[in-house]
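I opened my notebook and went through this model with a few plain questions in mind. Here is what I looked up, in the order I looked.

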Amino acid sequence: MKFRLEVTDKLSKARAGEISTDHGTIKTPIFMPVGTAGSVKAVHQRELKEDIEAQIILGNTYHLYLRPGLNTLEQAGGLHKFNGWDKPILTDSGGYQVYSLTEVRKIKEEGVTFRSHIDGSKHLFTPEAVMDIQRTIGADIIMAFDECTPYPCEYNYASKSVDMTHRWLKRCCERFDSTEPKYGYSQTLFPIVQGSVYKDLRVKSAEVIASFEREGNAIGGLSVGEPAEEMYEMTDLVCNILPKDKPRYLMGVGTPVNILENIALGVDMFDCVMPTRNGRNGMLFTSEGVINIRNEKWKNDFSPIGPGSDLFADITYSKAYLRHLITSKEILGAQIATLHNLHFYLWLVTQAREKIISGEFYEWKNKMIKKLSQRL
Ligand code: PRF
């Protein structure tokens with residue numbers, strides 16, 4: 001993997017760059033649609049590629065390991081072959097899903113034992129196991145095994161946790177560096193900064209993470225319930241320490257406003273379930289604000305979902321029709337809303353990139369932010 005920093009904004013810390021992988025290049029800043037179980041829910045690969053113009057998608061170690069399992073993934077020749085997506089894939093390590101999805105779990109120095117949310121079977125994730133699993137899934141970018149602390153979190157717990165995440169990182173790197181990719185293309189490992197909302201812990205973590213000198217770095221443990229201002233403060237602090245010549249990935253963030261604010265602080269990569277999950281429930285993101293399509297207000301509004309958009313679904317279907325589909329729980333409703341939202345998220349980061357390059361980012365961002373959080 002290579003990262004080329006093209007432009008740094010003069011009025012903010014926003015950057016435009018390009019990541020190249022063996023499955024193609026990614027222009028940053030970028031939003032990565034979430035495909036937890038190897039599928040971006042309700043979207044065909046052709047739509048992802050041609051309509052949404054996604055450049056990289058996410059998969060989850062935790063889900064893919066439980067189902068379809070490593071045997072099937074290895075026999076398929078890796079996730080790209082299995083799901084038909086031939087552009088870059090990033091997998092999260094499970095160092096978040098085991099905490100958010102499983103109830104019975106034990107976190108020890110060795111790793112985390114948990115019970116599957118599918119059949120209750122018992123499993124152990126260690127840093128080494130998670131590297132091996134991600135080698136087998138075959139993502140281009142794989143994530144270190146970390147502990148994402150909840151919010152709020154006592155200082156002492158956060159401090160012990162971040163130290164363990166650093167020790168786990170060392171084990172991840174040793175395992176990753178002593179094993180080979182399985183399918184002929186290269187993979188790279190991103191470490192994750194933790195430290196909850198404590199400045200000293202964040203600074204220490206960013207310094208430790210930077211010292212590993214991996215090809216890219218991630219920021220975890222944010223957008224877990226803390227006020228947005230606190231998240232921005234932590235991102236800012238961490239981005240000032242992480243190396244400039246490597247991509248920075250803010251995990252699980254966020255709303256369109258969160259994304260623009262964090263781009264301004266120097267973040268290059270984002271993922272979030274919001275456009276897909278909230279879309280399936282009828283929440284639509286637009287450049288004028290947020291629409292709840294279930295609202296009575298749209299019942300007889302026959303104007304297109306996205307006037308002026310170049311997305312087939314945006315100009316073909318009306319708000320009233322989408323409202324009908326979503327309230328009747330028709331599958332097509334979830335498909336249209338997901339397409340719309342992902343198309344909007346990709347449009348937003350592409351615009352941000354163009355504005356960074358043309359030197360208009362700061363002004364544009366402040367104007368956009370006023371509109372984006374309105375409720376229509
Ligand atoms: N760690 C990992 N994945 C994550 C997070 C984290 O802290 C977050 C936090 N927003 C989302 N996804 N491994």
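**A buried ring to start from**

I began with F145, which is buried at a relative accessible area of 1%. One caution I noted at the top of the page: this is a predicted model.

Next I counted aromatic pairs, and I got 14 of them. How are the rings of F145 and W168 arranged? Their centres are 4.8 Å apart and their planes meet at 20°, so I logged the pair as stacked. The pair links distant parts of the chain, since F145 lies in the loop between β10 (141–143) and α7 (155–177), while W168 belongs to helix α7, 23 residues apart. I checked W168 for exposure too, and its relative accessibility is 0%, which makes it buried.

Which residues do ring pairs link into a cluster with F145 and W168? I found Y62, Y65, F114 and F125 there.

**Helix α6 and a charge over a ring**

Then I turned to helix α6, residues 127–137, and found it mostly covered, with 9 of its 11 residues buried. My list of buried residues in α6 reads P127, E128, V130, M131, I133, Q134, R135, T136 and I137.

I stayed with R135 a little longer. Its charged end sits over the ring of F176, at 3.9 Å from the ring centre. So R135 appears twice in my notes, as a buried residue of α6 and as the partner of an aromatic ring.

Just after α6 comes G138, and I wrote down its positive phi, near 85°.

**Two hairpins at the start of the chain**

I moved on to the early strands. Strand β1 (residues 2–8) runs antiparallel to β2, and 6 bridges join the two. β1 and β2 form a hairpin, with 6 residues between them. To fix the register I looked for a facing pair, and V7 stands opposite A16 in β2.

On its other pairing, β2 meets strand β3 (residues 24–28) over 5 bridges, again in the antiparallel sense. How many residues lie between β2 and β3 in their hairpin? I counted 2. Here the facing pair I noted is T21 with G24 in β3.

Is β2 mostly covered or mostly open? Mostly covered: 6 of the 7 residues in β2 (residues 15–21) are buried. A reminder to myself for reading strands: in a regular strand, side chains alternate between the two faces of the sheet.

**A parallel sheet**

I then traced an open sheet of 5 strands, and its order is β4-β15-β14-β13-β12 with parallel pairing. Which strands stand at the edges? They are β4 (30–32) and β12 (192–193); each has a single partner strand, so one side of each is left without a neighbour in the sheet.

I followed β4 to its partner. β4 pairs with strand β15 (residues 269–271) in the parallel sense over 3 bridges. In that pairing, I30 stands opposite M269 in β15.

**Two helices side by side**

My last entry is on helix α9 (residues 228–239) and helix α10 (residues 256–264). Their axes come within 10 Å and cross at roughly 25°. Angles under 35 degrees count as roughly parallel, so that is how I recorded α9 relative to α10. I also noted the hand of the crossing: α9 passes α10 in a right-handed sense.

Conventions: Residues are numbered from 1 along each chain as its sequence is written. This is a predicted model: local features need pLDDT of at least 70, side-chain atom pairs count only at pLDDT 80 or more; totals for chains, interfaces and linings use all residues. Side-chain values use heavy atoms; hydrogens and water are left out. Buried means under 20% relative accessible area, exposed over 50%, partly exposed in between (1.4 Å probe, protein chains only). Helices (H or I, at least four residues) and strands (E, at least two) are DSSP runs, numbered from the N terminus. Two strands pair if DSSP finds at least two bridges between them. Rings of Phe, Tyr and Trp (its six-membered ring) pair if their centres lie within 6.5 Å; planes under 30 degrees apart count as stacked, over 60 as edge-to-face and the rest as tilted. A charge sits over a ring if NZ of Lys or CZ of Arg is within 6 Å of the ring centre and within 35 degrees of the ring normal. Axes are lines fitted to C-alpha atoms, for helices over the stretch in contact, and angles run from 0 to 180 degrees between N-to-C directions. Angles under 35 degrees count as roughly parallel, over 145 as roughly antiparallel, 65 to 115 as roughly perpendicular and the rest as oblique. A crossing is left-handed if the near helix is turned anticlockwise from the far one by less than a right angle, and right-handed if clockwise.
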